[in-house]
Amino acid sequence: MKKKFFSLPTKYAYLYLFIPIALSIIVSTSYDNDIWFLLNQGRYILTNGFPHVDPFTIHENLTLVVQQWLSATTFYEIYHLFGEIGLSLLLITINLFILYFLYKICLVMSDNRRNLSIFFAILVDVLLLMNFIQTRPQIFTYLILLILIYTLEKYQQTRKNRYLLLLPLLSLLEINLHASMWFMLFLFLLPYAIEMTIRDYQQRQLKKLLPLYISIIFMFLAGLFNPYGIAAITYIFTSYGNSSINALVQEMQVPQLTTRMGLIIYTVVLTVYIIYLVSKKRKIKLKYLCLLFGTTYLALSSHKGFAFFLLGGLLPLIYCVKDYFPHPSIPKIKKTAYQQGVIIFLFGLTLTLLVFLPHELTNPLKSSVGYLLSHYDKNQVILYTGFSEGGYVEYRGLKTYIDPRAEVFLKQNNHQKDIFQEYYDLQKGQLSPDKFMKTYHFTHFIVTQSDALYPYLQQEKEKFDLLFNADGYYLFETKF
């Protein structure tokens with residue numbers, strides 16, 4: 001019998017769940033900038049149906065795939081009915097489900113070591129909360145991937161076909177909630193399929209694989225049930241890997257040790273590999289090694305990919321270290337009055353955080369956009385804003401040059417023009433403001449001092465007037 005080197009506290013282990021719950025409440029009050037174009041798209045779809053040509057910018061005939069239409073309509077409908085508190089409660093609820101499935105997966109992987117599972121689930125969830133749990137479609141993707149992992153673990157453990165019935169449903173949800181991440185389901189499924197195929201082949205029981213592969217076929221077919229058909233399925237191939245997007249959009253950048261996020265990523269990845277290497281458990285399951293190597297590539301390719309490493313690389317580490325922790329068989333004991341009091345106190349503290357933390361969905365552009373809307377007919381405005389500002393401007397009913405939907409402005413997606421490359425060249429000094437201005441007939445500009453157009457607009461006083469400035473934004477008008 002192996003010696004147990006570590007022992008985790010058992011009596012109050014469940015109280016540690018307060019940490020991710022409280023953190024999720026705090027995180028839920030900080031709204032990601034992408035929420036504006038999501039709310040705008042959701043409102044448009046609920047009012048007008050699915051757009052196939054972009055209606056939100058000054059450009060004409062841009063082919064559009066709203067690859068996260070179900071997320072957008074969900075966010076908007078909740079915001080419309082319940083306001084900011086509704087968005088916060090949605091995020092908190094999704095994170096509670098994420099935490100629950102993290103715990104359930106850890107139980108399966110650790111052979112029901114409850115306290116170890118609680119600590120591992122909290123560790124992964126806190127890392128997700130610190131960097132990725134936001135009012136964006138990705139929260140649904142993380143939950144769906146966790147349900148997929150749990151389903152595959154239970155199926156492999158029991159070989160009961162009822163678990164496979166869930167796979168096509170997960171595919172259907174993902175293609176409509178977040179189509180660009182749909183293929184991630186198959187990337188996470190592949191290691192399980194490989195391991196089961198090898199095992200059944202060695203045991204000469206290949207017929208047992210038939211239900212699994214039939215489910216995979218139905219998963220693929222389920223992906224076709226979306227408003228944009230095959231275009232949604234192939235969206236990832238036309239939207240990722242663009243060098244200009246990778247250079248300008250922070251979440252797509254390669255992690256650097258000189259940044260906080262880069263330091264976190266490399267530290268966590270290195271720590272996980274060290275634990276795998278020094279572990280006395282020599283035989284690590286093939287599926288976990290595949291997940292580890294695959295998600296390591298994702299983590300070191302972009303900030304965004306680190307979330308998948310937490311699910312596929314860090315989470316299975318519990319299987320590797322489980323033998324170092326005791327396997328308590330503790331009978332269920334009724335909680336004492338003191339324990340009940342602690343639970344009530346933490347529950348009250350949680351409600352206090354939820355009620356008294358400010359839930360205000362606002363934007364520093366509000367004053368500048370308000371001035372523009374109050375003084376000009378929005379239908380006559382041809383507006384320039386930077387990449388980050390476009391979503392809010394469009395939500396307020398104005399059309400603009402560009403917005404945070406970076407992939408929409410790639411020619412391979414919109415079939416008209418590579419607008420994002422044009423914007424990138426402008427910001428990096430590879431396209432002169434004079435030449436850029438000749439392409440468009442802007443009536444107004446909302447810029448920050450960091451925008452490449454700001455010094456040009458300031459210097460060309462005979463061509464442009466500064467109408468208004470507030471909260472770091474400057475509203476210019478073209479003189480006619």
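## A walk through helices, loops and cysteines

N61 is found in the loop between α2 (35-48) and α3 (69-109). In this predicted model, N61 has a positive phi of about 60 degrees although it is not a glycine. For context, most residues other than glycine have a negative phi. D471 also has a positive phi, of about 55 degrees, and is likewise not a glycine. Its place is the loop between β3 (464-470) and β4 (473-478). D471 counts as exposed, because its relative accessibility is 55% and the exposed class begins over 50%.

**The loop between α2 and α3**

The loop that holds N61 is also home to F56. Is F56 buried or exposed? F56 is buried, with a relative accessible area of 6%. Leaving out residues up to four places away in sequence, the side of the chain before the loop contributes N40, Q41 and Y44 to the contacts of F56. Further along the numbering, F56 also touches E394, L398, K399, T400 and R405. F37 lies 19 residues from F56 along the chain, and their C-alpha atoms are separated by 9.4 Å.

**Helix α20 and what surrounds it**

Next comes helix α20, residues 419-427, which is mostly covered: seven of its nine residues are buried. Which residues of α20 are buried? They are I419, F420, E422, Y423, Y424, D425 and L426. The buried residues pack against four helices and a strand, namely α11 (243-248), α19 (411-414), α21 (433-439), α22 (453-459) and β1 (383-385).

I419 lies in this helix and is a good residue to look at in detail. With a relative accessible area of 1%, I419 is buried, so it falls under the 20% limit for that class. Apart from residues up to four places away in sequence, I419 touches H59, L62, Y401, F409 and N414. One of these partners, F409, is ten residues from I419 in sequence, and the two C-alpha atoms are 5.1 Å apart.

Just past this helix, Q430 sits in the loop between α20 and α21. Q430 counts as exposed, at 56% relative accessibility. What does Q430 contact once its neighbours within four places in sequence are left aside? Its partners are Y424 and D425, and both of these are among the buried residues of α20.

Here are the residues with a stated accessibility, side by side.

| Residue | Relative accessible area | Class |
|---|---|---|
| I419 | 1% | buried |
| C320 | 1% | buried |
| F56 | 6% | buried |
| C290 | 28% | partly exposed |
| D471 | 55% | exposed |
| Q430 | 56% | exposed |

**Two helix pairs**

Helix α13 (residues 286-301) and helix α14 (residues 306-314) pack with their axes 7 Å apart, at an angle of about 165 degrees. That angle makes α13 roughly antiparallel to α14, because the class covers angles over 145 degrees. The crossing of α13 past α14 is left-handed. On the α13 side, the residues that meet α14 are L291, L292, T295, T296, L298 and A299. Facing them in α14 are F306, F308, F309, G312 and G313. By class, this contact of α13 with α14 holds seven nonpolar and four polar residues, with no charged ones.

The other pair is helix α6 (residues 166-177) with helix α7 (residues 182-202), whose axes come within 8 Å and cross at roughly 145 degrees. From α6, L167, L170, S171, E174 and I175 meet W182, L185 and L189 of α7. The contact of α6 with α7 divides into six nonpolar, one polar and one charged residues.

**Cysteines without partners**

How many disulfides does a search of the whole structure find? It finds zero. Why is C290 not bonded to C320? The sulfur of C290 is 15 Å from that of C320, its closest cysteine sulfur, which is too far for a bond, because a disulfide needs the two sulfur atoms within 2.5 Å. C320 is in no disulfide either, as its nearest cysteine sulfur, that of C106, is 14 Å away. The surroundings of the two can be compared as well: C290 is partly exposed at 28% relative accessible area, whereas C320 counts as buried at 1%.

Methods:
Residues numbered from 1 in each chain as written. Predicted model: local features only at pLDDT ≥ 70, side-chain atom pairs only at ≥ 80, totals over all residues. Heavy atoms only, no water. Buried < 20%, exposed > 50% of the residue type's maximum accessible area, 1.4 Å probe, protein only. Axes fitted to C-alpha atoms, helices over the stretch in contact; angles between N-to-C directions. Parallel < 35°, antiparallel > 145°, perpendicular 65-115°, else oblique. Left-handed = near helix turned anticlockwise from the far one by under 90°. Contact = heavy atoms within 4.5 Å. Nonpolar A, V, L, I, M, F, W, Y, C, P; charged D, E, K, R; others polar.
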